[in-house]
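Here's a protein chain to look around in, one question at a time. Pull up the model and follow along.

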Amino acid sequence: MSALAEPAFRPLPLGAIRPRGWLERQLRIQADGLSGHLDEFWPDVGRSQWFGGDAEGWERAPYWLDGAIPLAWVLDDVALKTRIRGHMETILAGQRPDGWYGPYPADAAARPYDLWAILLANKVLVQYHEASGDDRVLRAVEASFRALAAGLDRAPLYNWGRFRWFEGLIPAFYVHERTGAGWLLDVARKLREQGFDYPALYESEDIRVPTPRRGLWTYTKHVVNTGMAAKSGALSWRLDQRAADRAFPARMIEALDRHHGQVTGMFTGDECLAGRNPVQGTELCAVVEFMYSLEVLLSVFGDAAFGDRLERVAFNALPATFTPDMWAHQYDQQVNQVQCTINPEHMWTTNGPESNLYGLEPNFGCCTANMHQGWPKFAAHLLMRTPDEGIAVVAWAPCVAGFTTRQVPVTVAVDTDYPFRETVGLTVTTERAARFPLMLRVPRWAAGATLEVGDEPARGMEPGGFHRIDREWSGATHIRLRFPMQPRITSRFHEAAAIERGPLVYSLSPAESWTRVNADKPHREPPHADWEVRPASPWNYGLLLDGAAAGVTFEERPIGERPFSPDGAGMLAQVRGRRLPDWKLVHGWAAEFGPGLRTSAEPLEDLALIPYGCTNIRVTEFPRLEK
Ligand SMILES: [Zn+2]
């Protein structure tokens with residue numbers, strides 16, 4: 001019996017959900033790209049001290065495994081699984097009798113050692129335990145926590161460990177729920193006591209203020225810490241059920257939206273929180289960490305709003321920041337990103353001139369190591385178990401999930417081209433008749449959503465929550481859902497207009513000119529080379545928009561083999577606009593513009609916008625034109 005509060009939903013074991021359709025293609029692209037090959041050529045992972053080598057021995061190999069493990073298991077990729085098993089054997093063999101892992105410095109007791117990498121490694125190891133069922137891994141994590149408990153008494157958390165203390169709660173809870181060991185919850189409380197107090201930060205004036213450009217780097221407003229910390233309240237709530245912990249995540253996200261929010265569902269941070277300006281950057285590590293935090297929040301609290309947010313980030317910010325083949329990524333993406341170049345005139349808060357290049361390790365290699373968890377963990381969290389033997393679809397993408405309820409094997413298949421289309425087919429198949437609830441998340445934007453079960457007449461579903469069907473299921477039951485996607489024009493920074501429909505944001509995607517750079521740097525042989533991208537057609541348009549959605553129409557296109565690429569875009573938005581000749585590059589970026597309507601004597605043009613996630617360069621927040 002666990003002393004922890006029961007979560008609203010429990011994730012299915014890794015491997016129980018398999019991607020289908022466009023999601024399977026996307027994960028295959030990822031496994032055939034950098035994620036499935038990084039350990040073969042990048043020394044910081046391939047020759048990591050975690051793997052018995054002589055290179056980096058801190059966060060990078062654990063970061064890669066944190067994404068490579070779910071990638072291998074959701075795809076059932078035998079070759080990748082085999083390599084991961086080999087790496088895990090090395091980690092287990094390297095653990096010392098005192099519980100510390102191989103890379104822990106021999107003299108760490110005598111000098112400060114930042115425990116962050118140990119917290120991360122244990123989070124990764126329990127994920128591997130879930131995938132492999134290898135109980136040696138559970139014992140290794142338990143031994144590591146015994147060492148950690150002593151280490152925390154010797155020297156309290158500081159630096160990264162202090163700001164990421166809650167990451168340690170994930171493996172502590174995992175082992176506690178399987179062994180009943182109460183002392184692990186004492187270690188969890190000790191981590192929280194020594195860790196940074198995020199709720200206090202979000203009470204302060206400081207959180208509202210954008211970090212000055214070329215300004216001051218801090219742990220407190222660090223964007224990756226922020227993305228990770230979004231789940232801290234949920235984990236802390238499971239420990240002691242304090243009302244303030246339950247309320248904190250929504251309050252934190254509201255403050256981030258208000259002061260640093262972007263239309264993609266992310267917040268800026270390049271690499272500390274940088275305001276709402278659409279030319280400031282968002283680091284890739286923050287995107288994947290915020291997604292995982294939202295998955296934890298969905299699981300613990302069961303609030304559908306976290307599902308809406310998860311989809312918005314997953315379908316927009318995540319794919320946009322990779323090349324369509326997922327061999328190259330950016331450190332920072334911009335919502336208005338008209339070129340990606342080596343740019344000494346940049347106006348990031350603290351990042352460097354290469355931060356928006358597409359490449360192997362632009363600016364810094366953390367994202368190269370940590371980017372892999374985005375799609376695989378999203379796929380693994382699409383459906384979750386309910387406490388009453390049922391199943392909840394918490395996010396929508398094509399997949400099939402298998403589980404057993406009341407001793408009856410069940411599969412739930414989700415067939416859809418959502419988010420590019422508004423219909424979903426669900427098939428619930430049971431081996432024998434069984435009664436259990438099926439919970440379906442209805443996005444808040446989906447006014448007029450409908451449901452048809454078998455031959456029964458269509459029914460409406462309330463947006464912004466879960467629609468519950470509690471019935472006896474027998475054989476195969478077909479369900480048809482429709483989430484009507486109404487266009488929305490939203491007012492952003494300085495009254496700029498952004499076009500949205502359903503969970504997707506739409507952007508102008510200029511023609512692209514790609515130039516290979518940094519060919520002399522190590523490990524930059526194609527396909528893992530570095531690239532600049534410049535616009536090869538005009539980008540400086542204002543839009544003519546009448547009323548709520550007037551003047552914007554949408555058109556279906558075939559969804560490409562690479563669903564998130566300019567050529568593969570499965571939906572177009574048609575708008576009208578005029579060029580703004582005085583809207584130019586400043587500091588190598590699209591110039592900032594003030595509030596108010598703009599005039600232009602240029603001809604009115606029809607413009608096709610594509611989903612933000614399909615673009616490599618783009619304009620997303622547009623000046624509005626006077627009629
Ligand atoms: Zn990073």
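Q: Are Y418 and W445 buried or exposed?
A: Keep in mind that this is a predicted model. A residue counts as buried when its relative accessible area is under 20%. Y418 and W445 both fall in that class, so the word for the two of them is buried.

Q: What kind of aromatic pair do Y418 and W445 form?
A: Their ring centres are 6.5 Å apart, with 15° between the planes. Planes under 30 degrees apart put a pair in one particular class. For Y418 and W445, that class is stacked.

Q: How many residues apart in sequence are Y418 and W445?
A: Y418 sits in the loop between β8 (408–416) and β9 (423–442). W445 is in the loop between β9 and β10 (450–453). The pair links distant parts of the chain, and the separation is 27 residues.

Q: Which residues make up the cluster of linked ring pairs that includes Y418 and W445?
A: Ring pairs don't have to stand alone here: a search of the whole structure turns up 38 aromatic pairs. Some of them join into a cluster, and its members are W22, F315, W375, F378, W396, Y418, F420, W445, F483 and F564.

Q: Why is the pair of W160 and W217 called edge-to-face?
A: The two ring centres lie 5.7 Å apart. Planes over 60 degrees apart earn the label. The planes of W160 and W217 are at 80°, so the pair is edge-to-face.

Q: Which parts of the chain does the pair of W160 and W217 tie together?
A: The two residues are 57 apart in sequence. W160 belongs to helix α8 (residues 159–163), while W217 is in a loop, so the pair ties α8 to the loop between α11 (198–201) and α12 (223–229).

Q: Is W217 buried or exposed, or partly exposed?
A: Its partner W160 is buried, with a relative accessible area of 17%. W217 has a relative accessible area of 32%. Partly exposed covers the range between 20% and 50%, so W217 is partly exposed.

Q: Which ring does the charged end of R164 sit over?
A: Charges can sit over rings in this model too, and R471 lies over the face of W473, at 5.3 Å from the ring centre. In the case of R164, the charged end is 4.8 Å from the centre of the ring of W116.

Q: Which helix gives the most residues to the largest nonpolar core?
A: That core has 206 residues, and I84 and F483 have the most contacts inside it. Among the residues I84 touches are W64, L65 and Y128. One helix, with 14 residues in the core, gives the most: α15 (residues 284–301).

Q: Is E283 buried or exposed?
A: E283 is in strand β3 (residues 282–283). Its contacts include V223, Y331 and C366. Its relative accessibility is 0%, and the cut-off is under 20%, so E283 counts as buried.

Q: What radius of gyration does the protein chain have?
A: The chain has 18 helices and 23 strands, and 63% of its 627 residues count as buried. A compact globule with 627 residues would have a radius of gyration near 25 Å. The chain agrees with that, at 24 Å.

Conventions
Residues are numbered from 1 along each chain as its sequence is written. This is a predicted model: local features need pLDDT of at least 70, side-chain atom pairs count only at pLDDT 80 or more; totals for chains, interfaces and linings use all residues. Side-chain values use heavy atoms; hydrogens and water are left out. A nonpolar core is a set of buried Ala, Val, Leu, Ile, Met, Phe, Trp, Tyr and Cys residues joined through side-chain atoms within 4.5 Å. Buried means under 20% relative accessible area, exposed over 50%, partly exposed in between (1.4 Å probe, protein chains only). Helices (H or I, at least four residues) and strands (E, at least two) are DSSP runs, numbered from the N terminus. Contact means heavy atoms within 4.5 Å. Rings of Phe, Tyr and Trp (its six-membered ring) pair if their centres lie within 6.5 Å; planes under 30 degrees apart count as stacked, over 60 as edge-to-face and the rest as tilted. A charge sits over a ring if NZ of Lys or CZ of Arg is within 6 Å of the ring centre and within 35 degrees of the ring normal. The radius of gyration is taken over C-alpha atoms; the globule rule is 2.2 Å times the number of residues to the power 0.38. Lists of a residue's contacts leave out its neighbours within four places in sequence.
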